[in-house]
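Biologist: I would like to learn how to read a protein model feature by feature. Could we take one together?

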Amino acid sequence: MVPWRQEDKYGLYSNLLFKYFLAEGIVCGHDLFVASAKEHPDNILKELPAPLLDDTYGKELGDEAAAVKSEDFQDSMKIAWRYQNLPKMEASPTTSTKFGHYYDISKKMPPELCQSVKWHSFYLHEELSFEPKMKAWNMNSGYARLLQSIQRIISQEGFDGSDPQKKQRNVLRIGIQSLGSILWGDDVCCSDSPADPHSLTKFLYVLRGLLRKSLSACIITVPAHLIQNKAIMERVTNLSDMVVGLESFIGSERETNPLYKDYHGLVHVHQIPRLNSLICDVPDTKDLAFRLKRKLFTIETILIEGSNTKDVFHFNLAKEQMNIALLSN
Amino acid sequence: GKFMLLRDTRTDGSFLVHHFLSFYLRAGCKVCFVALLQSFSHYSIVAQKLGVNLAAAKEQGQLVFLESLKSCLDLLFGEEEQPGQPSPLQFLSGSTCDLRALFDFVQVSLTPCARDSWKGLVLLVDDLSVLLSLGAAPVAVLDFIHYCRVSVCCQLQGNVVVLVHSSEDSEDEENELVVNSLCHHSDLILWAEGLATGFCKDVHGQMKIIKRLSLRQAAEQDLVQIYQYKIQDRNVTFFARGLSAAVL
């Protein structure tokens with residue numbers, strides 16, 4: 001599965017979700033593959049949020065829960081990536097939670113936990129110093145190199161089922177940071193008519209092929225606001241299983257809009273997966289906003305209701321914890 | 001044979017592909033399926049819900065399935081290819097800009113041999129827009145379709161069914177060019193559109209069926225029928241506009 005996130009303007013929030021995805025991989029014992037042209041993957045892994053365990057979380061959320069009336073909770077609200085057996089907000093998450101975990105972004109993941117899983121890294125600037133024999137791929141060399149690296153790990157570590165000796169099959173979580181940015185050697189973010197407009201889409205297609213034939217899931221952040229060629233953005237969307245855009249309020253007029261005062265940005269769901277099925281689960285509401293609290297990043301629905309007596313709009317908040325763990329297939 | 005265009009706007013029209021795949025296989029036709037975006041198992045799982053076994057069809061030679069994602073990996077990561085067997089996705093390596101290898105694959109797949117007794121021949125493509133993302137020029141894509149029509153519709157008396165994506169405010173000019181050109185040459189267009197008013201639980205979209213009678217005779221008008229539809233786990237229900245179960 002290939003979900004990707006459109007980076008918000010300064011990359012703050014998308015980077016956070018990127019780290020959540022990787023952190024969840026560690027807590028689940030999955031293997032990780034981290035690729036970046038911006039920061040060294042070692043540093044990315046050092047900055048992952050620490051998982052929240054029973055008591056602390058219950059206490060954190062206890063205050064919040066008390067402030068919201070029970071009728072505000074929607075029973076089975078369907079968000080694209082939400083699964084039905086996710087516990088309601090009042091229950092504190094425990095290690096017996098069927099799906100997903102919670103994280104405290106004010107704390108770093110302990111190093112011994114990071115080291116408990118196998119992880120692979122791809123830092124473009126280190127990779128380019130080698131020059132292995134490459135078939136003519138007709139693609140940006142940074143992307144081609146990354147694909148070869150991913151394919152090699154999938155094959156060597158048996159994620160494609162090629163090693164029948166392997167007793168326990170594990171999942172590979174791949175995280176690729178800021179794909180399309182100039183640091184990858186692609187000018188798609190700098191020019192309306194890039195030198196090679198097909199490199200990015202070809203990369204995604206081959207990656208899709210690799211993911212389909214292996215037990216893996218991949219999250220990619222893309223600085224979409226920099227990509228001027230909208231045709232490319234449309235194609236990138238069509239080639240992805242899931243596409244989520246984060247629109248931060250920083251520096252925009254919405255920052256001072258009283259309607260959004262409790263939030264830091266909006267979440268736009270551009271595409272949801274429709275795999276192995278005729279139908280797909282479409283959310284009842286697409287008005288989602290996010291906010292970053294001291295310890296938690298939450299995504300909530302916004303419902304704007306008109307009051308009967310006066311023409312005053314107020315929010316009716318239905319709080320839900322979004323579980324970013326649900327991105328694995 | 002007929003050329004049928006499946007088109008979607010603001011929604012995913014792939015349910016039509018699943019429908020036609022099952023429909024033609026059940027009818028006893030030989031199908032060449034060029035699957036550009038999804039894996040074999042994806043179609044297989046849905047086909048099972050629709051009562052058709054794709055693996056069995058493939059084994060019996062009734063279904064020739066090009067799993068493009070897999071072929072692409074074979075081309076890029078595989079051994080050096082044999083000179084006599086070029087990959088259908090030859091154009092990806094940049095050695096050629098046309099889609100001749102893909103057309104050759106289609107032609108070889110559907111050319112009947114003496115022992116065949118299929119009720120008909122069908123070429124199914126899902127979805128053509130992907131070829132543009134892979135670097136094929138619009139002209140190359142249109143040429144490919146043209147050759148397929150001549151070969152499959154005219155020479156072999158079979159049908160061609162192709163899915164394309166489009167959107168009203170699309171900035172993908174190459175795609176719009178391909179879609180518009182194909183519309184002009186289609187005998188039948190099935191156009192699935194998401195509702196302009198947004199998502200609705202009981203009505204997933206609107207289907208416009210356009211019979212291009214004007215292609216056959218200059219004075220004829222195209223016949224346009226509009227239905228609304230709702231997709232369920234194992235089938236799709238159609239109903240006249242405004243008459244969904246929720247309204248009645």
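Modeller: We will go from a whole chain to strands, and then to single residues. Please keep in mind that this is a predicted model.

Biologist: Gladly. What does the secondary structure of chain B come to?

Modeller: Chain B has nine helices and nine strands. Its radius of gyration is 19 Å, close to the 18 Å that the globule rule gives for 248 residues, so chain B is as compact as a globular protein of that length. Along the principal axes, the C-alpha atoms of chain B fill a box of roughly 60 × 40 × 40 Å.

Biologist: What share of the 248 residues in chain B is buried?

Modeller: Buried residues make up 51% of them. As for the surface, the accessible area of chain B is about 11,600 Å², and 52% of that belongs to carbon and sulfur atoms.

Biologist: And how do I read contacts and charges?

Modeller: For contacts, look at sequence separation. Among the contacts in chain B with a separation of 6 or more, 67% are between residues 24 or more positions apart. For charges, compare mean positions: those of the 20 positive and 27 negative charges of chain B lie 12 Å apart.

Biologist: Let us turn to strands. In which sense do β7 and β8 of chain B pair?

Modeller: Strand β7 (residues 205-211) and strand β8 (residues 223-231) of chain B are antiparallel, with seven bridges. To find the register, look for facing residues: B:Lys208 stands opposite B:Ile226 in β8(B). On to the next pair: β8(B) also runs antiparallel to strand β9 (residues 236-240) of chain B, and five bridges join them. Here B:Lys230 stands opposite B:Thr237 in β9(B). The connection from β8(B) to β9(B) is a hairpin through four residues.

Biologist: How many residues of strand β11 in chain A are buried?

Modeller: Start with the general idea. In a regular strand, side chains alternate between the two faces of the sheet. In strand β11 (residues 297-301) of chain A, A:Phe297, A:Ile299 and A:Thr301 point one way, while A:Thr298 and A:Glu300 point the other way. Five of the five residues are buried, so this strand is largely enclosed by the rest of the structure. Its partner is strand β10 (residues 288-292) of chain A, antiparallel to β11(A) over five bridges. In that pairing, A:Leu288 stands opposite A:Thr301.

Biologist: Now the backbone. Which angles deserve a second look?

Modeller: Most residues other than glycine have a negative phi, and most peptide bonds are trans. Against that background, A:Ser178 has a positive phi near 50°. A:Ser178 sits in the loop between β6 (172-176) and α7 (199-212) of chain A.

Biologist: Is A:Ser178 buried or exposed?

Modeller: A:Ser178 is buried, at 5% relative accessibility. Set beside it B:Arg10, which is not a glycine either and has a positive phi of about 60°. B:Arg10 lies in the loop between β1 (3-9) and α1 (14-26) of chain B, and at 41% relative accessibility B:Arg10 is partly exposed.

Biologist: Where is there a cis peptide bond?

Modeller: Between B:Asp126 and B:Asp127, with omega about -15°. B:Asp127 belongs to the loop between β4 (121-126) and α6 (129-133) of chain B.

Biologist: One last residue, please: where is A:Tyr20 found?

Modeller: A:Tyr20 is in helix α1 (residues 12-28) of chain A. With a relative accessible area of 6%, A:Tyr20 is buried. You can also compare sequence with space: A:Tyr20 and A:Tyr123 are 103 residues apart in sequence and 20 Å apart from C-alpha to C-alpha.

Methods
Residues are numbered from 1 along each chain as its sequence is written. Chains are lettered from A and ligands numbered from 1 in the order in which they are written. This is a predicted model: local features need pLDDT of at least 70, side-chain atom pairs count only at pLDDT 80 or more; totals for chains, interfaces and linings use all residues. Side-chain values use heavy atoms; hydrogens and water are left out. Helices (H or I, at least four residues) and strands (E, at least two) are DSSP runs, numbered from the N terminus. The radius of gyration is taken over C-alpha atoms; the globule rule is 2.2 Å times the number of residues to the power 0.38. Buried means under 20% relative accessible area, exposed over 50%, partly exposed in between (1.4 Å probe, protein chains only). Contact means heavy atoms within 4.5 Å. Accessible areas come from the Shrake-Rupley method with a 1.4 Å probe; for residues, only the protein chains shown count as cover. Lys and Arg count as positive and Asp and Glu as negative; His and the chain ends are not counted. The place of a charge is taken as NZ of Lys, CZ of Arg, CG of Asp or CD of Glu. Two strands pair if DSSP finds at least two bridges between them.
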